[in-house]
Every structure is written in C-alpha cells, then in structure tokens.
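Here's a walk through this fold, from the sheet to the helices and on to what sits inside. Have a look at the model first, then read on.

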Amino acid sequence: MNKNQIRLVIANDLRGRAHVDRFRQKQDLAEKFNIDAGDVHNQIHQMMDLGQVVSLNEHEIRLSVDGERFYFSGKTEKISEFFKENWPHITSNTIAILALLISIFLKR
C-alpha cells in the first residue's frame with residue numbers, strides 16, 4: 001500500500017471515534033490490512049505533523065476537524081473552504097493582473 005492508502009485506512013479507522021489507543025491501533029491495522037506496523041506508525045506521525053490527527057495524551061489520538069474535512073468532504077466543500085482561506089491572495093492577484101492588463105493596453 002502507498003502512503004495515501006495507509007492514511008485513508010487510518011482516517012477511516014479513527015472516524016467517528018472519540019479517541020483511540022495509538023499503540024493498539026497500529027497493531028490492529030497492521031494485522032487487518034497486512035501492512036507493516038512501522039509504516040502505520042510513520043503515517044500516523046506524518047498525519048499529526050499535518051494537523052489531521054491530534055494527540056489527546058501520550059497514548060490516545062483522534063482525527064481532527066481538518067482531518068475530517070480533508071478525507072471525508074465533498075468537492076464543493078473543499079473548493080469553498082479553499083476560497084474561504086485564500087480569498088485575500090486570489091483578490092490581490094486578480095487586481096494585479098487587471099492592473100497589468102490595463103497598463104499594457106494603455107501603452108499601445
């Protein structure tokens with residue numbers, strides 16, 4: 001399995017659960033899907049670095065709101081979230097392109 005498939009398996013396992021014992025989850029997923037436990041461990045830590053999984057304490061983890069949105073949202077939800085987060089950049093770049101086009105057109 002590649003890393004995206006492993007992450008999706010982890011997200012599906014964490015979905016809808018308040019918290020999961022991370023050590024038990026690694027073993028369960030490794031046995032259930034015939035994945036190396038080290039790969040599961042690495043992907044959980046990478047998902048934690050990305051903010052998709054959060055650690056409640058030393059032993060328990062859960063899927064974050066960002067993780068839920070990333071793995072289980074539809075296209076329209078992802079697009080609207082993208083515009084909601086990036087509207088200042090989109091607006092400023094649009095204004096810059098319009099200004100560039102106007103200056104080129106007026107130079108002629």
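## Sheet, helices and core

Let's start with one residue pair: V53 has L63 in β3 as its bridge partner. Keep in mind that this is a predicted model. That pair belongs to the meeting of β2 with β3 (residues 60-63), where 3 bridges hold an antiparallel pairing.

Zoom out and you get an open sheet of 3 strands, ordered β1-β3-β2 and paired antiparallel. β1 (20-21) and β2 (53-55) are the edge strands, each with a single partner, so one side of each has no neighbour in the sheet. Helix α1 (residues 3-14) packs on this sheet and touches β1, β2 and β3, with its direction at about 100° to that of β3.

Now for the helix pair. The axes of α1 and α3 (residues 37-50) come within 10 Å and cross at roughly 80°. With angles of 65 to 115 degrees counting as roughly perpendicular, α1 and α3 are therefore roughly perpendicular to each other. On the α1 side the contact uses K3, I6, R7, I10 and A11, and they meet D39, V40, Q43, I44, Q46, M47 and L50 of α3. By type, the residues of this contact split into 7 nonpolar, 2 polar and 3 charged.

What about the inside? The largest nonpolar core has 15 residues, and I10, L14, V40, M47 and V53 have the most contacts within it. α1, α3 and β3 are the elements that supply two or more residues to this core, and α1 gives the most, with 5 residues. As a rule, nonpolar side chains in soluble globular proteins tend to be buried together.

Two residues are worth a closer look, so here are their contacts, leaving out residues up to four places away in sequence:

| Residue | Contacts |
|---|---|
| V53 | L14, M47, M48, I61, R62, L63, S64 |
| L29 | V9, I10, D13, N34, I35, V40 |

L29 is found in helix α2 (residues 22-33). Is L29 buried or exposed? Its relative accessible area is 4%, and buried means under 20%, so L29 is buried. L29 and D13 are 16 residues apart along the chain, and their C-alpha atoms are separated by 8.4 Å. D13 is also one of the residues that L29 touches.

Technical notes:
Residues are numbered from 1 along each chain as its sequence is written. This is a predicted model: local features need pLDDT of at least 70, side-chain atom pairs count only at pLDDT 80 or more; totals for chains, interfaces and linings use all residues. Side-chain values use heavy atoms; hydrogens and water are left out. Two strands pair if DSSP finds at least two bridges between them. Helices (H or I, at least four residues) and strands (E, at least two) are DSSP runs, numbered from the N terminus. Contact means heavy atoms within 4.5 Å. Axes are lines fitted to C-alpha atoms, for helices over the stretch in contact, and angles run from 0 to 180 degrees between N-to-C directions. Angles under 35 degrees count as roughly parallel, over 145 as roughly antiparallel, 65 to 115 as roughly perpendicular and the rest as oblique. Ala, Val, Leu, Ile, Met, Phe, Trp, Tyr, Cys and Pro count as nonpolar, Asp, Glu, Lys and Arg as charged, and the others, Gly among them, as polar. A nonpolar core is a set of buried Ala, Val, Leu, Ile, Met, Phe, Trp, Tyr and Cys residues joined through side-chain atoms within 4.5 Å. Buried means under 20% relative accessible area, exposed over 50%, partly exposed in between (1.4 Å probe, protein chains only).
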